[in-house]
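Visitor: Could you take me through one part of this structure at close range? I would like to follow a single sheet and what packs against it.

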Amino acid sequence: RAPEKEVLQLSLGERDKISFQHENLKVASSFLSFDENKSKRVIDFSQQLQNKALSENSDDESVHSTLRKSLFKKSNNMHKNTEFKGGSVDVKEIGTYLNMKEMIKEGFLRNNHHAPIPKDSDFALRRVNNEEIVSENGIKIQSFSNASEILDMTGTTGRKLEILRAVTEIPTQFRSIFKEFPYFNYAQSKALDDLLYTDRNFVICAPTGSGKTVMFELAITRLLMEAPLPWLNIKVVYMAPIKALCSQRFDDWKEKFGPIGLTCKELTGDTLMDDLFEIHHADIIITTPEKWDSMTRRWRDNSIVQLVRLFLIDEVHVIKDESRGATLEVVVSRMKTIQSSLWRLLGKHDTVPPLRFVAVSATIPNTQDIAEWLSDSKMPAVCLKIDEDQRPVKLRKIVLGFPCSDNQTEFKFDLTLNYKIAGIIQMYSEQKPALVFCATRKGVQQAASVLAKDAKFLLSIEQKQRLQGFANSLKDSKLRDLLTYGVAYHHAGMEISDRKTIEGAFTVGDLPVLFTTSTLAMGVNLPAHLVVIKSTMHYVGGVFQEYSETDILQMIGRAGRPQFDTTATAVIMTRCSTRERYIQMLNGADIIESSLHRHLVEHLNAEIVLHTVTDVSVALEWIRSTFLYIRALKNPTHYGFSSGLDKVGIEAKLQELCLKNLNDLSSFDLIRMDEANNFKPTETGRLMAWYYIAFDTVKQFFTIKGTETLNELIKMISNCSEFVDVKLRTNEKKILNTLNKDKDKITIRFPMEGKIKTREMKVNCLIQAQLGCIPIQDFTLTQDTGRIFRNGLRVT
């Protein structure tokens, strides 16, 4: 067994010698500055830091010789723009953003690379004392004695973990699902008993990258172990907030569950209605809250929903999201209500199989509230909290605040940050792949161009040849030039073939730095050693706003490649004024609140159409099944209620809120009351729920007189809130204005006055171009037209 021992004891240096191409990224950059000495100072400064860290960590001089080399070499050309200090990062400046002592204490270039346990090894770990676990052949492995305490002691998760659980615990016929590793990691081992040997509802609060997908797979395995064959009458629903996450899970699970006889089906906004028939034959349905909401609004004539036995909720903290959280909340509450109404209908609990919820959330302080919401009348949900220090790849999080003067626009501030990127990559990338998130597609291209001018990456001859090979297959000429410098960009508006090429180059480790948009962070699994979030503001619907916590956590979650790294770094670049806020956020200190009260009217109407809510008393009972109810009792002021109220008072306020919304629905004739004070949906109310129409859109349609011209109708439809996620981008205005008015080309039938400057005008223009069969040679606009017509079908 000697060879295995050797593997486990490989030092950082030895691993460097036999390492992957990923480690070959010799990053070199020049700070372009009028002050040569200042640039030199920065390089020397980081060098001293490295040397200090290395001398603390190792006696072997030769081992670290590669790391001792200067990462960056100086370039000859100069920038003429003094305003950005030529992109150099001033030592004093960095000193104010970071406490350097802290950095050294954390171990800049820390030497704690434990090699992974080889797959073929079968170590039995036994506890020696509280400090460490020793395997049979005497190799020490870090103990988990400092692991988090568990909130809910009723589950088996309450006890301390003595040993990592082996995949051999899984029944043979399901073992192939977990074939990629011999042992479950700490978090998975901790959750295993409750997930695999009970049917209890389960909430896991764990940092991104701690292997939560495997926890979902354990819950599915439990269901398959319990359910009699053939598995005809069971359905599993996996719900994630982002379409791209759903696609990723679909590709992954199709391969894992296909061989054991389960079929997967993806059901998102892009799914065609014909596919809904296939859902009847699918065992695992992968969907978004919005799509599942629109599906379950038809649940009485849709037996699928009643067959769901396991409901998996990914990123459950999205419940706090202003626009999308309410849908997630309502869908889960509806699934709970369907279950209890089936019980009432059939009169016997044992004939209705239980519905199990398993939810996963990022690090939040009030996981217990989520668990309380998902508990059923018979048994509270188990709540497992995993600390950040149990993440397989340790993540160092750094928030840098940059000064921003009052007269500096958001665009200008964003531009200044482009010149700081080289310094950050030099300082934190450790010559490994870096991923930089930017707010806009144009910003991605600008930042990549600046870095290609600013930095010279020391690439090996083989790397250069491979990059040239990738570059030759690209359609985008600008991207082709950048790629040869070791820099590239990636966003949803690119040709799909170009995107795949760039993803390939980055995945194999030939591409040192990739710039991408935040939206893509969600879907494409491109892990990097260093993740940089360049500016915390992004451009949404014509205005700049801060990223949501979900966005930030998703982006940061891309840091760390479990197969190559034991540590990773995430750097957030923001204004000095917002630095503290992001530090709080990263510490998981933000309490999750509900946003259902802001969207109650549409959801109440849907429940009335479904007959879930039939009168005022049932309306309050339904409210009690929501997360809003749980949070309103604990934090009434957040929901506009006075702080001195007791439970009865808060319930009365919630009832009042309910009545106000019911009156709004009634005043537009969307619902009616019969003699027995029961709610009855009207035809209009049914259509609103069935086609998922916003209340504001319905109110707008009530102004229609029937004498409108086609032009007026198109204008009215373009103003609907269903198109709120269509963005007007600066680089599209030229094409849109040409479509609107141009004496030499075919233009739209009803041109608009002036230039196209709003989202509504863009929607109007694209609707007319599509109806008028005018071809548009722009990939992004074609994508948008598809989205407009998908939503437009519902509205019209």
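**A close look at the seven-stranded sheet**

Guide: Happy to, and let us begin with one pair of residues: in this predicted model, Cys205 stands opposite Ser361 of strand 9. Cys205 belongs to strand 4 (residues 202-205), which pairs with strand 9 (residues 356-361) in the parallel sense over four bridges. Helix 12 (residues 325-346) packs on the sheet here, touching strand 5, strand 8 and strand 9. The direction of helix 12 makes about 155 degrees with that of strand 8.

Now step back to the whole sheet. Seven strands form an open sheet with parallel pairing, and their order is 6-7-5-8-9-4-10. Strand 6 (264-267) and strand 10 (382-385) stand at the edges; each has a single partner strand, so one side of each is left without a neighbour in the sheet. On average, and with direction ignored, neighbouring strands of this sheet are turned by 15 degrees against each other.

A further helix completes our tour of the sheet. Helix 11 (residues 289-296) lies across strand 5 (235-239), strand 6, strand 7 (284-287) and strand 8 (308-313). Helix 11 runs at about 120 degrees to strand 7.

Since we started from a cysteine, a word on disulfides may be welcome: a search of the whole structure finds zero of them. Elsewhere in the chain, Cys720 counts as buried because its relative accessibility is 0%, under the 20% limit, whereas Cys773 is exposed, with a relative accessible area of 68%.

Notes:
Residues numbered from 1 in each chain as written. Predicted model: local features only at pLDDT ≥ 70, side-chain atom pairs only at ≥ 80, totals over all residues. Heavy atoms only, no water. Disulfide = S-S within 2.5 Å. Buried < 20%, exposed > 50% of the residue type's maximum accessible area, 1.4 Å probe, protein only. Pairing = 2+ DSSP bridges. Helix = DSSP H or I, 4+ residues; strand = E, 2+ residues; numbered from the N terminus. Axes fitted to C-alpha atoms, helices over the stretch in contact; angles between N-to-C directions. Contact = heavy atoms within 4.5 Å.
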